[in-house]
Amino acid sequence: SRTKKSGVNASERIRTGKIFYGTQYGTALGLAKKLAENAKSIGMDLEVCDLKTYEPEELCNESLVVLILATYTDGKPTENAKWFCQWLEENNGDERVGALHLQKLNFAVFGCGNSQYSESFNVVGREVDANLAALGGRRLWPFVPGDEDGGRMEKQFSTWSHHLFPLLEKLTIHSAASRSVLPPEATAEGQSSDDEGDDEAGETGEVDMEDMGGKPSKGGKGSKEMVTPALRANLTKQGYHILGSHSGVKLCRWTKSMLRGRGGCYKHTFYGIESHRCMEATP
């Protein structure tokens with residue numbers, strides 16, 4: 001069998017996964033069904049799932065997801081993918097979540113767009129691909145921006161699938177632990193590889209804890225600048241509102257989750273503290 005040739009222990013193979021689609025007019029759904037059907041030829045059972053009915057909090061428990069995402073008007077997600085994309089973006093900007101939140105996840109993303117809309121061309125797929133990697137997911141194959149202009153998307157999708165399937169055949173329960181299989185130049189545009197060191201943190205706009213309080217003035221005289229311009233920009237990007245010159249505050253994501261009926265954090269589970277009665281401030 002092809003499994004034996006690849007040297008993969010059959011008992012460790014990942015044979016199931018999910019295909020998520022974000023669609024407005026049905027194109028991404030059609031491609032998702034086609035991928036699921038073709039995957040049967042390599043012994044994979046991939047479930048086609050509507051992102052509208054999926055709870056993103058469960059993503060950390062997934063081993064394999066393939067996403068086929070369309071970009072809608074003005075670079076926005078399609079209606080059924082809005083909450084999923086918002087959840088990813090919010091968690092990527094939340095320092096409490098951590099860069100290993102999706103460490104068990106193997107993923108690949110294909111985008112559906114039209115290059116005539118150059119400014120927003122496949123924005124949604126690119127952002128989802130980047131956010132999944134930033135949260136610790138293992139990218140199986142680089143993001144491909146499908147282009148329906150000129151009828152090229154079907155061929156692009158076929159080529160992408162052709163590269164993806166051999167990787168799916170070799171996928172095991174230990175695959176995600178090995179991190180990215182791609183060299184840095186093969187990762188999604190604008191993303192550094194998972195193996196790059198902390199030395200480049202300054203280039204990404206991230207702020208180290210040691211730098212958060214600002215640097216004291218020479219000789220220890222004068223007041224200490226608590227919210228530096230770099231820190232202000234970083235906190236604002238994460239959704240914080242700056243208070244004066246000393247701190248920032250934002251609504252806890254668990255409060256939003258409880259308001260939507262999606263459950264609360266551990267403080268509610270173990271201590272009965274309701275999210276709207278809990279407050280966290282910046283360091």
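1. Two strands count as paired if DSSP finds at least two bridges between them. In this predicted model, five strands pair in parallel to form an open sheet, in the order β2-β1-β3-β4-β5.

2. The edges of the sheet are β2 (45-50) and β5 (138-147), and each of these strands has a pairing partner on one side only. From one strand to the next, the twist averages 15°.

3. One pairing can be followed in more detail. Strand β4 (residues 106-113) runs parallel to β5, and seven bridges join the two. Which residue of β5 is the bridge partner of A108? The partner is W141.

4. A helix also belongs in this picture. Helix α5 (residues 153-169) packs on the sheet and touches β3 (64-70), β4 and β5. The direction of α5 makes about 170° with that of β5.

5. A separate matter is enclosed space. How many cavities of 30 Å³ or more are there? The count is one. The largest cavity holds about 60 Å³ of space.

6. The residues lining the largest cavity are E55, E57, W83, W87, E90, N91, R253, K256, S257, R260 and R262. Sorted by class, seven of the lining residues are charged, two are polar and two are nonpolar.

7. Which helix gives the most to this lining? Helix α3 does, with four residues. Both α3 (82-92) and α8 (253-259) supply at least two residues each to the lining of the largest cavity.

Key
Residues are numbered from 1 along each chain as its sequence is written. This is a predicted model: local features need pLDDT of at least 70, side-chain atom pairs count only at pLDDT 80 or more; totals for chains, interfaces and linings use all residues. Side-chain values use heavy atoms; hydrogens and water are left out. On a 1 Å grid over the protein atoms alone, a cavity is a set of points where a 1.4 Å probe fits but cannot get out, and a pocket is an open set with protein on both sides within 12 Å along at least five of seven lines; lining residues have an atom within 4 Å of a point. Grid points are joined across faces, edges and corners, and a volume is the space filled by probe spheres set on the points. Ala, Val, Leu, Ile, Met, Phe, Trp, Tyr, Cys and Pro count as nonpolar, Asp, Glu, Lys and Arg as charged, and the others, Gly among them, as polar. Axes are lines fitted to C-alpha atoms, for helices over the stretch in contact, and angles run from 0 to 180 degrees between N-to-C directions. Contact means heavy atoms within 4.5 Å.
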